[in-house]
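Welcome! Please take a moment to turn the model around before we walk through it together.

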Amino acid sequence: MNLRVVDSGTYSEPVQQALERVLIDRLGDGEIEPTLRFWYRDGPAVPLGRFQAYADEVAADYVAKHDVDVVRRITGGGAMYVEPGAVITYSLYLPRSAVSDDVEASYAELDQFAIDALRGLGLDVRHEPLNDIAHPDGKIGGAAQLRTDDAVVHHTTMSYALDIAEMLRVLRIGEEKVSDKAVASAEKRVARINDHVDASRSEVIETMIDTAGDSYATVEGELSESTLADARTLADEQFATDEWNRQL
């Protein structure tokens with residue numbers, strides 16, 4: 001299968017999340033080809049799971065004071081703290097017919113190229129059901145999906161050099177007090193790629209793109225101006241609004 005690889009473009013979190021909706025719809029309508037997209041963010045953010053309650057997941061006063069965008073995704077799963085350059089997020093937009101109907105199997109299949117790439121760099125990682133990429137020292141990343149009648153979006157975020165202490169300040173799990181003990185405990189649950197691999201973030205992404213080429217006929221591409229215009233409009237109308245982000 002041909003796969004367009006988009007490895008460019010820095011956007012706000014509302015636009016990033018709007019792109020997920022625009023791209024899965026355009027793929028389902030046959031307007032774009034299957035695509036692998038790597039994300040570049042312009043600021044810290046919390047992508048919130050579709051069915052999570054805002055107040056339960058983030059330290060509201062802290063994220064407001066420190067300009068952390070909290071944006072509800074179109075996919076389920078848990079909240080994550082993300083920072084520019086400190087995580088690697090990728091999305092696969094594929095025809096429904098190209099993805100296993102077995103959801104558990106599909107998570108393993110669609111993250112396999114990333115796991116192979118990380119292993120090629122010397123990282124001891126494995127798929128851990130349902131939707132995690134795990135290292136012996138903790139969780140490297142997690143994935144979520146949305147399926148429509150004709151298309152699937154599968155997105156995964158992995159920790160490259162995440163600030164664990166800041167994650168605890170932002171997410172409600174660390175709201176009471178960010179003690180050295182709490183940070184040490186979290187560090188045992190969250191593994192970071194750059195703690196184990198002597199490769200820059202861009203080198204890791206380049207390896208992932210090369211490895212995707214083992215499974216797909218990859219070709220470099222970019223998002224069209226009309227796609228970006230639709231995403232920016234949708235961000236303004238939905239993903240940047242309290243009506244969407246604080247609905248629960």
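What covers the buried residues of α8? Keep in mind as we look that this is a predicted model. The cover includes β2 (10-11), α1, β6 (69-72) and α9 (242-245).

Let us look at α8 itself. In this helix, which spans residues 225-239, the buried residues are Thr-227, Leu-228, Ala-231, Leu-234, Ala-235 and Phe-239. They sit on the same side of α8, because the arc they cover around the axis is only 125°. The general rule behind such a pattern is that an α-helix has 3.6 residues a turn, so residues three or four places apart point the same way. On the face of α8 turned away from the buried side you will find the exposed residues Glu-225, Asp-236 and Glu-237.

One part of that cover, helix α1, deserves a visit of its own. Helix α1 runs over residues 13-28, and Glu-13 lies in it. Is Glu-13 buried or exposed? With a relative accessible area of 2%, Glu-13 is buried, because buried means under 20%. Its side chain has polar partners there: one polar contact, of 2.8 Å, goes to the side chain of Gln-17, and another, of 2.7 Å, goes to the side chain of Arg-41. If we set aside neighbours within four places in sequence, the residues in contact with Glu-13 are Trp-39, Arg-41, Asp-42, Ala-45, Pro-47, Asp-69, Val-71 and Val-82.

Further along α1 we come to salt bridges, of which the whole structure has 11. One of them joins the side chains of Glu-20 and Arg-37, with 3.0 Å from N to O. Glu-20 belongs to helix α1 and Arg-37 to strand β3 (residues 35-38), so this pair ties together parts that are 17 residues apart in sequence. Both Glu-20 and Arg-37 are buried.

A second salt bridge stays inside the helix: Asp-25 pairs with Arg-21, and their closest N and O atoms are 3.0 Å apart. Because Asp-25 and Arg-21 are 4 residues apart in helix α1, about one helical turn separates them. Asp-25 is partly exposed, at 33% relative accessible area, and Arg-21 also counts as partly exposed, at 25%. Elsewhere, salt bridges that share partners join Arg-26, Glu-31 and Asp-230 into one network. Asp-195 and Arg-192 form a further salt bridge, with 2.9 Å between the closest N and O atoms; Asp-195 is partly exposed at 45% relative accessibility.

Now for the sheet. In what order do the 8 strands of the open sheet stand? They follow the order β8-β9-β10-β11-β7-β3-β1-β12, with mixed pairing. At the edges stand β8 (126-128) and β12 (217-221); each has a single partner strand, so one side of each is left without a neighbour in the sheet. From one strand to the next, the twist averages 25°.

Within this sheet, strands β7 (residues 87-95) and β11 (residues 151-159) run antiparallel and are joined by 9 bridges. To find your place in that pairing, look for Ser-91, which stands opposite His-155 in β11. Helix α4 (residues 103-120) packs on the sheet, where it touches β3, β7, β8, β9 (132-135), β10 (138-147) and β11. The direction of α4 makes about 135° with that of β10.

Conventions. Residues numbered from 1 in each chain as written. Predicted model: local features only at pLDDT ≥ 70, side-chain atom pairs only at ≥ 80, totals over all residues. Heavy atoms only, no water. Helix = DSSP H or I, 4+ residues; strand = E, 2+ residues; numbered from the N terminus. Buried < 20%, exposed > 50% of the residue type's maximum accessible area, 1.4 Å probe, protein only. Polar contact = N/O pair within 3.5 Å; in protein donor to acceptor, adjacent residues only side chain to side chain. Contact = heavy atoms within 4.5 Å. Arc of directions from axis to C-beta. Salt bridge = Lys/Arg side-chain N within 4 Å of Asp/Glu carboxyl O. Pairing = 2+ DSSP bridges. Axes fitted to C-alpha atoms, helices over the stretch in contact; angles between N-to-C directions.
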